Amino acid sequence: MFFIKKAIIFLFILIIFGCTSKNFSNINYINQKAVSIVTPNDKHNIIFKKYLKRKFNSENKVKPDFILKTDISFNSNETLSVSGSQVLNSTKAIVKYSLIDLKSDLLVKSGLIKTFPALSSSSNSIYSNEKSLEQIKERLNKSSADKLHMLVNIILRNLN
């Protein structure tokens, strides 16, 4: 009886350590393709490229399978608030992209992504207006990178 209890406890401990030591992160990289990102060299495009590099995690493979050419621009205009008493600034991000297969030099997909407008209030201070606009552009950069990453992943999965 004592031997059976020891055997059961030993098997239970072995199962627990065996299940917890399994590395599940290797499963995600089996079908993942390397994507090289090309953007123009202005401030917001470089920030956009950094967000995309974080999303694609392209340090694992040396030679890319696809090239993603992107260009982000921002469109700002004035709108009225709901009550009509204040003027608000509405800013949208527009991302132009094209995904090219390096093996065959064929265009896989190209298009345009528009984000929802981000609103900011206008104040009398030029400094606060500029800082507000910069923060909005950074948030739109990140959300555009998330959308483009999701779209490119769907396209790459459909290619398999």
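Here are five short exercises with worked solutions on this predicted model.

**Exercise 1. Get your bearings: how many helices and strands does the protein have, and what pattern do they follow along the sequence?**

Solution. Start by counting elements: there are 3 helices and 5 strands. Next, walk along the sequence, where the pattern reads α-β-α-β-β-β-β-α. Then turn to burial: of the 160 residues, 28% count as buried. Finally, look at the contacts with a separation of 6 or more: residues 24 or more positions apart account for 64% of them.

**Exercise 2. Check the geometry of helix H2 (residues 43-56), then work out on which side its buried residues lie.**

Solution. Begin with length. H2 has 14 residues, which at 1.5 Å a residue should span 20 Å, and its end C-alpha atoms are indeed 20 Å apart. Now list the buried residues: His44, Asn45, Phe48, Tyr51, Leu52 and Phe56. These cover an arc of only 130° around the axis, so they sit on the same side of H2. The helical repeat helps to see this: with 3.6 residues a turn, residues three or four places apart point the same way. On the other side of H2, Lys43 and Arg54 are exposed. As for what covers the buried residues, the list includes strand E1 (35-38), strand E2 (66-80), E3 and helix H3 (126-159). One last detail is Asn57, just after H2, which takes a positive phi of about 50°.

**Exercise 3. Which salt bridges tie H2 to H3, and which residues are joined into one network?**

Solution. A search of the whole structure finds 3 salt bridges, so take them one by one.

- Step 1: Lys43 pairs with Glu134, with the closest N and O atoms 3.1 Å apart. Because Lys43 lies in H2 and Glu134 in H3, this pair ties together parts that are 91 residues apart in sequence. Lys43 is exposed at 52% relative accessible area, while Glu134 is partly exposed at 26%.
- Step 2: Asp146 pairs with Lys55 at 3.0 Å between the closest N and O atoms. Here too distant parts of the chain are linked, with Asp146 in H3 and Lys55 in H2, 91 residues apart.
- Step 3: Lys142 forms a salt bridge with Asp146, the closest N and O atoms being 3.9 Å apart. Both lie in H3, 4 residues apart, or about one turn of the helix. Shared partners join Lys55, Lys142 and Asp146 into one network.

**Exercise 4. Describe H3 by its length and by what its buried residues pack against.**

Solution. First, the span: H3 has 34 residues and reaches 49 Å from first to last C-alpha, close to the 50 Å expected. Second, the buried residues, which include Ile136, Leu140, Ala145, Leu148, Val152 and Leu156, but also Lys137 and His149. Third, the partners: the buried residues of H3 pack against E1, H2, E2, E3, E4 and strand E5 (118-121).

**Exercise 5. Compare two single residues: is Ser90 buried or exposed, and is Asp105 buried or exposed?**

Solution. Ser90 is found in strand E3 (residues 87-101). Its relative accessible area is 8%, under the 20% cut-off, so Ser90 is buried. Among the residues that Ser90 touches are Asn75, Thr79, Pro117 and Leu119. Asp105 lies in the loop between E3 and strand E4 (106-114). At 60%, over the 50% cut-off, Asp105 is exposed. Check its backbone as well: Asp105 has a positive phi of about 55° although it is not a glycine. For context, most residues other than glycine have a negative phi.

Note on methods:
Residues are numbered from 1 along each chain as its sequence is written. This is a predicted model: local features need pLDDT of at least 70, side-chain atom pairs count only at pLDDT 80 or more; totals for chains, interfaces and linings use all residues. Side-chain values use heavy atoms; hydrogens and water are left out. Helices (H or I, at least four residues) and strands (E, at least two) are DSSP runs, numbered from the N terminus. Buried means under 20% relative accessible area, exposed over 50%, partly exposed in between (1.4 Å probe, protein chains only). Contact means heavy atoms within 4.5 Å. The expected span of a helix is 1.5 Å times one less than its number of residues. The arc is that of the directions from the helix axis to the C-beta atoms. A salt bridge is a side-chain nitrogen of Lys or Arg within 4 Å of a carboxyl oxygen of Asp or Glu.
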